[in-house]
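Work through the exercises below with the model open. Try each task before reading its solution.

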Amino acid sequence: MDRLSLLTSACIVTWVCLVVTKHSNATPLTVVAPVTDFEGDTHIDEEDLNLERGERDVGSGDEPKSEKKTLRKPEISKLQIRGRVTSRFSSTTVTSVLKNRADEAAEAVFVIRLPEEAFIANFSMEIDGVVYPANIEEKEKAQKIYDDARERGQSAGQVKQTSEKVNSFKVSVSVAKKTFVTFELIYQEMLRRKNGYFEHRTSIRPGQIVKSIDMQVAILESQGLKEVNTSWVRDGNKNDVITIHDVGEIKLKGKDTRCFISYEPTADEQREDSEDGLEGDFVIRYDVDHPKSGGELQIVNGYFVHYFSPEGLPVVRKNVVFVIDVSGSMNGRKIQQTKEAMYTILDDMREVDFFNIVTFTDITTTWKNTLQQATSTNIQRAKKFVKSLTALYGTNLNEGLIDGIQLLQRLTENTEDSIHGVSMLIMLTDGQPTNGETRLNVIEKNVEQAIDGKYSLFNLGFGDNVDFTFLEKLALRNRGLARKIYDDSKASVQLEGFFDEVATPLLYNVVFNYPEEIVEINSLTQTTFPNYFKGTELVVTGKIKKTHMSNEVLEMTIGANSVETAIEFPLSVETEVVPELLLHKYAVDDFAQRLWAYLSIKDMLQRRSISNNVTEKDELKEKALQLSLEYHFVTPLTSLVVVKPDEDKKEYVQDEINSPSEEREVQPSQSGGSFARMSSQIQASPVRGPGHPSSQMQPKRKQFYIAGKSFADGDPHFMVNVPHSDLYVCFNIMGSIGDTYRLIQDPENGITVTGNIIEEPFVRPGKLKKRSYFGEVTFELGKKTITVNPSEIIFDGIHEFSWDYDVSIGSPDLSLCIEGHRFARIYVGENITLVALRHAVTGENIMKVGYMGVYIENGEGLSSKVHGLIGQFQDKEMLVENESIRVNEDFEVHATLKVESRQVTVTKQYRMVPALVQKQPCWFAGDNAAGLIDGHHTDYLQKQI
């Protein structure tokens with residue numbers, strides 16, 4: 001029995017390979033090639049192919065058979081990372097191929113850490129040539145599915161977060177002898193600007209020398225890229241950091257709006273890093289051009305992203321009161337780190353700033369009676385004071401912080417120029433009150449009332465036992481943030497860049513104002529910000545009202561306070577003008593919509609964490625959960641779970657199943673018309689599905705049978721499964737608008753299925769022609785005709801159905817079942833099932849076009865005379881001989897496919913099966929399937945009458 005388990009543990013992408021040999025036979029686990037447009041799909045080399053054929057011997061051929069030994073342990077043979085960054089939104093696909101060369105099964109453990117702000121978007125496995133994508137579920141439901149599968153002895157994987165602060169997981173995979181394991185992980189995040197640059201960081205720690213490490217990142221920024229650089233960062237021997245600059249290759253294109261970065265370290269280069277291979281982070285840093293106006297507002301398919309980062313503004317004065325915990329619990333390592341932190345922060349103060357220091361045990365002490373200007377002399381005096389601090393007595397955190405707030409009030413509100421400055425408190429503590437008020441909820445209330453929205457509170461928590469949840473909630477409720485300082489490294493290293501983020505305020509009380517007649521106000525993420533600091537960026541996302549997506553001008557303003565004055569930034573943008581760069585082939589799909597969902601979830605989770613209202617917390621949880629499920633994000637509320645089905649059972653993906661007693665009649669549509677007329681003429685009887693061969697109409701079950709993988713779908717893409725084999729063949733047909741192709745033609749059963757070609761409304765950048773699809777599919781079934789398009793289904797020219805209803809109609813010999821707003825399933829007799837899959841355009845998306853796909857779900861009843869572009873393969877002999885398989889220097893796998901008496905050169909690819917939302921390995925035949933199909937593709941054009 002094979003085993004796969006995914007558990008969470010600790011935080012950027014890291015692999016650690018641990019090996020435990022097993023004496024049981026394990027089924028190999030393999031996972032999909034990356035969803036990327038770079039160099040193609042994941043391929044295997046000649047040595048891999050030999051292993052796949054079973055040709056690799058272990059040990060010497062002269063040894064007695066009983067003395068052969070396992071010489072190799074499971075190894076990562078290929079690690080591929082593909083990153084795409086579109087206007088700060090990053091999507092990273094990680095694919096790892098692992099080999100077990102041994103004569104027995106082995107278990108490999110991978111520990112994977114992600115960037116702190118990232119959400120996992122997908123995880124999948126390919127098992128015995130079949131891709132099993134993970135489903136996203138509410139965390140409790142996913143855990144039950146996972147546990148139940150494990151109890152049944154099925155392979156199961158789960159991806160989850162243990163908390164809102166820990167963003168990582170580990171996966172253990174049982175690998176059969178001499179087989180491959182491949183897995184794919186996709187995670188997404190928004191790159192935030194800090195200290196004047198954006199950072200894309202990928203941690204690579206495979207724990208061994210890897211034969212092929214291939215990392216490629218494409219960055220698209222319509223504002224224009226500048227200062228792009230790369231580096232390799234790893235820990236030194238004495239808690240220091242070693243940085244190697246200018247690693248990899250950088251190529252700038254398109255007037256510096258596109259950047260392509262590659263990093264492919266050789267085995268020797270990996271050994272230079274350590275004996276166990278790479279142990280560090282590949283870091284990309286860059287910045288963009290920043291306008292002084294209202295920023296950059298990009299609108300794509302009804303969603304907008306607004307970036308605001310003006311430069312050249314005067315620096316606003318900063319007033320800071322440091323509140324330092326010097327109680328007994330801070331003794332030892334904590335007080336030492338606190339002093340290190342204060343030295344670092346004081347060195348970052350600017351001379352224009354003012355500051356003071358308050359310390360507390362069970363009483364409070366103030367360093368000076370007034371705010372001190374941050375001159376070099378005063379900074380040295382402050383460092384001397386900090387050096388003299390000792391940790392004694394109890395902890396009256398409430399009084400210490402309240403006294404610090406009152407000191408800031410007294411020293412700023414009576415100052416003539418106080419309105420022209422930014423005031424803040426920075427508390428350094430282990431967050432463990434023992435004296436005075438110790439109830440945390442009361443301390444929160446007291447501090448919030450004292451600050452009253454006037455200042456920002458930043459908390460630095462020291463020690464592994466710090467109550468960081470309390471400190472973070474306290475900071476977030478008061479317009480600040482918190483940072484944890486760990487015991488095992490220098491505070492100065494951990495604080496690097498922290499104070500820089502808040503050191504130079506340029507604006508405060510920043511408010512984004514959008515017109516209610518154009519923007520859905522309830523959809524907006526955070527629109528008010530206490531401060532804008534130099535080197536950072538403010539980001540707002542939202543939705544455009546459907547009635548204002550075309551031919552409109554969005555005019556908005558940003559109001560803020562600067563030095564001695566209020567300031568306003570106007571901005572005007574046309575709602576239907578999309579920057580061409582966002583349509584580039586390397587752009588993240590629907591980036592604006594996914595970024596909106598990402599920031600909305602982040603905002604809801606943060607508001608939930610600091611809320612003290614139970615009803616509000618429940619409402620925020622439910623909203624964040626629904627968005628997480630809709631956009632397939634692993635958040636603290638959700639998990640991804642994948643279960644390998646039993647070998648001898650067909651697998652169903654089921655929606656809510658209605659019991660026979662829940663059978664219902666079709667209800668009239670609100671718009672009336674044909675659908676309303678039909679409801680008075682017929683009752684929509686439930687239609688039999690797979691496994692119900694009786695002549696009586698059976699109760700309908702809303703189920704999506706996933707057996708059929710011969711289809712025409714997409715651009716238009718074709719894939720056929722050779723009957724009675726595991727061989728999949730795929731090809732494209734490059735038709736023209738208006739062409740109608742015969743997809744299936746079976747004269748004995750009276751079946752003809754045709755698809756009409758439509759095109760997208762625009763040519764994508766870098767392409768020579770528009771993408772084409774099947775816009776309408778027609779099923780001629782004896783004397784009946786069913787026409788299906790993304791808007792409606794027409795049965796026999798009389799009954800018109802919208803996709804909004806689940807409905808069944810027909811007789812035992814011919815029936816139509818519409819399910820789930822996407823599937824139109826047609827049953828012909830007992831052993832023929834055809835499916836039309838709807839691809840709808842969401843909202844008022846003017847960039848895309850709705851289209852249809854056609855699937856042969858059950859072709860057992862098709863006759864030997866069936867033909868057409870996909871029908872002809874139902875009874876066609878095809879074979880790929882192992883001897884013909886070859887691999888070129890780019891790891892592309894080629895072979896010769898025998899099609900009856902013909903030979904066709906094919907290439908191994910991984911193609912998406914849209915109905916299953918998963919990838920399937922297949923052999924691709926190019927040139928409009930020349931040699932693969934009978935005749936020429938134009939022979940399948942339907943003649944116009």
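**Exercise 1. Two loop residues**

Task: In this predicted model, locate Y393 between its flanking helices and state whether Y393 is buried or exposed.

Solution.
- Step 1: Y393 sits in the loop that joins helix 5 (376-387) to helix 6 (397-412).
- Step 2: The relative accessibility of Y393 is 62%. The cut-off for exposed is over 50%, so Y393 counts as exposed.
- Step 3: Check the backbone. Phi of Y393 is near 70 degrees, a positive value in a residue other than glycine.
- Step 4: Set this against the general rule. Most residues other than glycine have a negative phi.

Task: Which loop holds D246, and what is the phi of D246?

Solution.
- Step 1: D246 belongs to the loop between strand 16 (241-245) and strand 17 (249-253).
- Step 2: Its phi is near 55 degrees, which is positive, and D246 is not a glycine.
- Step 3: D246 has a relative accessible area of 65% and is exposed.

**Exercise 2. Helix 4 against helix 5**

Task: What is the relative direction of helix 4 and helix 5, and which residues make their contact?

Solution.
- Step 1: Take the angle and the distance. The axes of helix 4 (residues 333-347) and helix 5 cross at roughly 175 degrees and come within 10 Å.
- Step 2: Angles over 145 degrees count as roughly antiparallel. Helix 4 and helix 5 are therefore roughly antiparallel to each other.
- Step 3: Helix 4 contributes K339, M342, Y343, L346 and D347 to the contact, and helix 5 contributes I379, A382, K383, V386 and K387.
- Step 4: Sort the contact residues by class. Six are nonpolar, four are charged and none is polar.

**Exercise 3. Helix 7 against helix 8**

Task: At what angle do helix 7 and helix 8 pack, and what is the handedness of their crossing?

Solution.
- Step 1: Helix 7 (residues 440-451) packs on helix 8 at about 20 degrees, with the axes 10 Å apart.
- Step 2: The cut-off for roughly parallel is under 35 degrees. Helix 7 and helix 8 are therefore roughly parallel to each other.
- Step 3: The crossing of helix 7 past helix 8 is right-handed.
- Step 4: L440, I443, E444 and V447 of helix 7 meet F470, K473 and L474 of helix 8.
- Step 5: This contact of helix 7 with helix 8 has five nonpolar and two charged residues, and no polar ones.

**Exercise 4. Two buried residues**

Task: Where does F468 lie, and which residues more than four places away in sequence does F468 touch?

Solution.
- Step 1: F468 is in helix 8 (residues 468-476).
- Step 2: Its relative accessible area is 16%. Buried means under 20%, so F468 is buried.
- Step 3: Beyond four places in sequence, F468 touches A482, R483 and K484.
- Step 4: Q432 is 36 residues away along the chain, and its C-alpha is 9.9 Å from that of F468.

Task: Which strand holds V788, and is V788 buried or exposed?

Solution.
- Step 1: V788 lies in strand 44 (residues 784-788).
- Step 2: With a relative accessible area of 0%, V788 is buried.
- Step 3: Contacts of V788 outside its neighbours within four places include V777, F779, I793, W803 and M852.
- Step 4: R838, 50 residues apart from V788 in sequence, is 8.6 Å away, C-alpha to C-alpha.

**Exercise 5. Confidence**

Task: Over which residues does pLDDT stay under 50?

Solution.
- Step 1: The chain averages a pLDDT of 79, and 76% of the residues score at least 70.
- Step 2: pLDDT stays under 50 over residues 1-71 and over residues 647-707.
- Step 3: Where pLDDT is low, the predicted coordinates should not be read in detail.

Notes:
Residues numbered from 1 in each chain as written. Predicted model: local features only at pLDDT ≥ 70, side-chain atom pairs only at ≥ 80, totals over all residues. Heavy atoms only, no water. Buried < 20%, exposed > 50% of the residue type's maximum accessible area, 1.4 Å probe, protein only. Contact = heavy atoms within 4.5 Å. Axes fitted to C-alpha atoms, helices over the stretch in contact; angles between N-to-C directions. Parallel < 35°, antiparallel > 145°, perpendicular 65-115°, else oblique. Left-handed = near helix turned anticlockwise from the far one by under 90°. Nonpolar A, V, L, I, M, F, W, Y, C, P; charged D, E, K, R; others polar. pLDDT = per-residue confidence, 0-100.
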